[in-house]
Amino acid sequence: MTKKIFEPFEINGMVLKNRLGFPPLLNMPSNNDCTINDQTIRWFEDRAKGGAGLVMTGAVVAGPEPDFAMLEMLGMTRVGLYDDKFIDGFSRIADAVHVYGAKFGVQLEAVGGVMSGRGPSVSPYPDAEDATDDYFKIIYSFDVPVTEITIEEIEEAKQYFVAAAIRAKKAGADCVELHCAHGGATLNCSFISPYYNKRTDQYGGSWENRLRLSTEIIQEMRRAVGDNYPILVRISSDQLVGEKGITLQDTLKYVVPAMERAGVDCIDVTQGDMIRSTQGILIPMYYPWVGFMDMTAAVKKATRLPVIGVGRIIEIDMANRFLEEGKADLIYMGRQLTSDPDTPKKYLEGRADEIRHCIGCNVACGPCPINYEIHQAHIPLTRAETVKRVLVIGGGVGGMEAARIASLRGHQVALMEKAPALGGMVAALAKTPMTSEFGNIVEYLSIQMEKQNVDVRMNTEATLDEVEKLNPDAVILAAGSTMLIPEEARGKPGVMDHIDALGRMDEIGQKVVIWGLVAADFAISLAREGKDVVMIGRGGVETLAKWYSDSRKLYILKQLTDVRLPRVTPEGERLSNPEILYHITVKDISNNEVRTVNHEGVGRVLPYDTLIISRERKGSDELYESLQRKVSEVYKVGDCAQIAQIQEAIFSANEIARKI
Ligand SMILES: Cc1cc2nc3c(=O)[nH]c(=O)nc-3n(C[C@H](O)[C@H](O)[C@H](O)COP(=O)(O)O)c2cc1C
């Protein structure tokens, strides 16, 4: 029996071949002048080819022309539809998507919203002083100055949306989606939200007034595109800032009925605010897979219109279950179709075990750190001209990816791993519940080792003798890295390095000191288990969770600064747990105590049962030189070439394995 997710679905005459769509992702490739290029076409074509029934653009600029200097400063490009000159480009995308029987939609957004400096009214907003909630303050250390938009500008904005919708239709797009979600990120949501909208004219005050901008746009768009053209609307069912913002109850009572009356054909339900609650939008790996689907289900109950559900849905079965349970009519998969655009296709072909599941790292999502193919200037995968015996040393993600690619190209590949399990450091990180999603990439690559017939030799130390026995034509050294233990801590009782500690969780004592500020999610995990955790580091707050993506870091900082996990000392003092100590120099370690002093000269003694070191790593490339004397081609990938993150491991593996 066909699964519900693969059944066709109709929205105002637009017949989708299935109920699975690709949602708006701003990070679609484009040129600096907002025009599209071949990479943009490929971005959408890949999703359609992979089996999605509906492919939506990320927020397209309906108008006015964006501030290019600002875009350059932010290091981003946008796609525009604010002029007829863009129509041809959109037609090219529509044609490319239609080849695969998918429908093409355009999400429209005017340059505006509090986040881009034009709001319904100026700050201060209810908790503007609370820097821990402000994405911009935390990530970019600046406040966006907001100007209040005038009635004339409101009229202008409406016309931008209408003109862009007409252009989208002309270009052959099958539907448009009006972006009214994500709090301060959009003009419409900034107006709807009582958090940002303090106007006293007909666009502020009551719910009716605050919804006026969005509903007038929808009505005017409807008049312009006709009754038989699907208009979708995206809302944040809950802004996730409490009573000060849009709550689910508000949405059910005011927003949904207003959108219905205005004449939309479908409601796409997301959550959150891009400035104050990104966790509702870019749900990080720390959240359970169900995300905020219960909120979507509540909207579905409250409307006769079709409802789209979205948010950390990464498996077809899970998407299907939400449909079966009546929580939504359609499902959008965003980051999953970025880590693997072929997800639906593989599932339908009975190759679900070959799906590369998103790890929820939010590092880029276009390109994706675990999907090299989606990277703009990737080296194509071709058959190797000469079949070689390739030996990969190290079974971490870099090593396995190199082995996978070399094997796909036709080489005979063996992989040696000295440990009894594959995955290296990433597999170790997957051991705590908060970061277990890292396991997705380990699982994918491990299965690929079998599928691609890689000769995997576990528990095998790659000595020169072992290598010589195999007589390889090429060696890819992917031996990872080791964590450096500072002199003061060496040989002291209770000391473990971070990666080692992840494998010895049972041995971690009650009082934990973590030396180094990167492993913030590990610290929170331990605190959640009831341990008393203190993190110490040389740097300031800017070095906390340093390598994390912005949205992951924001979540972590909020967890830490909100003191969500308080610890009460025997004396009754309430401390945050984990407690973070910045600008710390370690003076001495003895008798299970770390003696520290901070930059103001204040000393503190930290008793510990377990001292976890999470600081510098050193590449394990000891074999490199001796291998060069024995084998004609020797390469390094991953940490052993350069200490970095998963993305660099995956990318360096591809760049080598696609060339040998
Ligand atoms: C890189 C990136 C860019 C996004 N840009 C937009 C956007 O332009 N408009 C929008 O409504 N949502 C945007 N979103 C939110 C997604 O549409 C989607 O709701 C979110 O990623 C959650 O779905 P997922 O867990 O399946 O990825 C973006 C998400 C990501 C990761």
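Select I589 together with V594: in this predicted model, V594 in β26 is the bridge partner of I589. Extend the selection to the two strands, β25 and β26 (residues 593–598), which pair in the antiparallel sense over six bridges.

Next, add β27, which completes an open sheet of three strands in the order β25-β26-β27, with antiparallel pairing. The edge strands are β25 (584–590) and β27 (603–607), and each of them pairs on one side only. From one strand to the next, the twist averages 25°.

Proceed to the second sheet of the tour. Select β16, β15, β14, β17 and β30: these strands form an open sheet in the order β16-β15-β14-β17-β30, with parallel pairing. At its edges stand β16 (455–457) and β30 (633–636); each has a single partner strand, so one side of each is left without a neighbour in the sheet. Direction ignored, neighbouring strands of this sheet are turned by 15° against each other on average.

Within this sheet, isolate strand β14 (residues 389–393) and examine its two pairings. Towards β17 (residues 474–477), β14 pairs in the parallel sense over four bridges; here V392 stands opposite I476. Towards β15, five bridges join the strands, which run parallel; here R389 has Q412 of β15 as its bridge partner.

Is β14 largely enclosed or open to its surroundings? Four of its five residues are buried, so β14 is largely enclosed by the rest of the structure. To see one element that covers this region, display helix α13 (residues 397–408), which lies across β14, β15 (412–416) and β17. Helix α13 runs at about 165° to β15.

Now centre the view on Q647, which is placed in helix α21 (residues 646–657). Why does Q647 count as buried? Its relative accessibility is 19%, and the cut-off for buried is under 20%. Display V363, C368 and P369 as well: Q647 touches these residues, with those up to four places away in sequence not counted.

For the final stop, turn to the surface and select M70, M73 and L74, which make a nonpolar patch of about 260 Å². M70 lies in helix α2 (residues 68–74). With a relative accessibility of 33%, M70 counts as partly exposed, a class that lies between the limits of under 20% for buried and over 50% for exposed.

Methods: Residues numbered from 1 in each chain as written. Predicted model: local features only at pLDDT ≥ 70, side-chain atom pairs only at ≥ 80, totals over all residues. Heavy atoms only, no water. Pairing = 2+ DSSP bridges. Axes fitted to C-alpha atoms, helices over the stretch in contact; angles between N-to-C directions. Contact = heavy atoms within 4.5 Å. Patch = residues over 30% accessible without salt bridge, like charges linked within 9 Å, V, L, I, M, F, W, Y side chains within 5 Å. Areas by Shrake-Rupley, 256 points an atom, 1.4 Å probe, with all protein chains shown as cover. Salt bridge = Lys/Arg side-chain N within 4 Å of Asp/Glu carboxyl O. Buried < 20%, exposed > 50% of the residue type's maximum accessible area, 1.4 Å probe, protein only.
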